[in-house]
Amino acid sequence: MLETHHYWALFSSAFISSTLLPGGSEALLLYLASMAEGGQWPLLWLLATLGNTLGGVTSWGVGWLIARRFPARQLREEHQRGMQHLQRWGDKALLFSWLPVVGDPLCVAAGWLGILWWRALLFIFIGKALRYGLLLAALHAW
């Protein structure tokens, strides 16, 4: 049986993992799920998804704030190309915000480009919910 501090640890780990800071929310989710009763899995999924989504939206906010200080014209050429790709795919590119290495900067870039916050929130949530759901499904199947 999991205790309250387990849930807070998962939420915090998921939040931190979705910022530019390193984290290991996937490992913690799988560990806690292996200790939990099956009825607790939906709550674990929800907490990991919400924490990770809020971290992604925080990264979006950082990008939005940075854009006010450093306009895109000051970017190096390789960064400008990356921004052009994000502009081409738009907010739907945030479905991939769960990817290691590129996901967190993707959220920052989305904020920098001014992608609407509610659309960013929606696509970040969907991508991260699917990722955590697949992890739990894989654990269940194993």
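Axes here are lines fitted to C-alpha atoms, for helices over the stretch in contact, and angles run from 0 to 180 degrees between N-to-C directions. The model on screen is predicted.

**Stop 1: α3 and α5**

Select residues 41–69, helix α3, together with residues 103–112, helix α5. Their axes lie 6 Å apart, and the packing angle is about 45°. Angles of 65 to 115 degrees count as roughly perpendicular and those under 35 as roughly parallel; α3 and α5 are therefore oblique to each other. The crossing in which α3 passes α5 is right-handed. To display the contact, show Gly56, Ser59, Trp60, Gly63, Trp64, Ile66 and Ala67 on α3. On α5, add Asp104, Cys107, Val108, Ala110, Gly111 and Trp112. By class, the residues of this contact of α3 with α5 are eight nonpolar, four polar and one charged.

**Stop 2: α1 and α3**

Keep α3 and select helix α1, residues 4–17. The axes of α1 and α3 cross at roughly 30° and come within 7 Å. α1 passes α3 in a crossing that is again right-handed. From α1, the contact takes Tyr7, Leu10, Phe11, Ala14, Phe15 and Ser17. From α3, the residues to show are Leu43, Leu44, Leu47, Ala48, Leu50, Gly51, Asn52, Leu54, Gly55 and Thr58. Colouring the contact of α1 with α3 by class gives eleven nonpolar and five polar residues, with no charged ones.

**Stop 3: α2 and α6**

Next, select α2 (25–35) and α6 (117–141). The axes of these two helices, α2 and α6, come within 10 Å and cross at roughly 40°. α2 and α6 are therefore oblique to each other. α2 passes α6 in a right-handed crossing. The contact involves Ser25, Glu26, Leu29, Leu30, Ala33 and Ser34 of α2. Facing them from α6 in this contact are Arg131, Tyr132, Leu135, Leu136 and Leu139. The contact of α2 with α6 has seven nonpolar, two polar and two charged residues.

**Stop 4: the second largest pocket**

Finally, turn on the pocket display and pick the second largest pocket, which holds about 230 Å³ of space. Centre the view on Ser17, Trp98, Leu99, Pro100 and Asp104, the closest to the pocket centre of the 19 residues that line it. Two of these have appeared before: Ser17 in the contact of α1 with α3, and Asp104 in the contact of α3 with α5. Which helices each supply at least two residues of the lining? They are α2, α5 and α6. Coloured by class, the lining of the second largest pocket shows eight nonpolar, seven polar and four charged residues.

Conventions
Residues are numbered from 1 along each chain as its sequence is written. This is a predicted model: local features need pLDDT of at least 70, side-chain atom pairs count only at pLDDT 80 or more; totals for chains, interfaces and linings use all residues. Side-chain values use heavy atoms; hydrogens and water are left out. Helices (H or I, at least four residues) and strands (E, at least two) are DSSP runs, numbered from the N terminus. Angles under 35 degrees count as roughly parallel, over 145 as roughly antiparallel, 65 to 115 as roughly perpendicular and the rest as oblique. A crossing is left-handed if the near helix is turned anticlockwise from the far one by less than a right angle, and right-handed if clockwise. Contact means heavy atoms within 4.5 Å. Ala, Val, Leu, Ile, Met, Phe, Trp, Tyr, Cys and Pro count as nonpolar, Asp, Glu, Lys and Arg as charged, and the others, Gly among them, as polar. On a 1 Å grid over the protein atoms alone, a cavity is a set of points where a 1.4 Å probe fits but cannot get out, and a pocket is an open set with protein on both sides within 12 Å along at least five of seven lines; lining residues have an atom within 4 Å of a point. Grid points are joined across faces, edges and corners, and a volume is the space filled by probe spheres set on the points.
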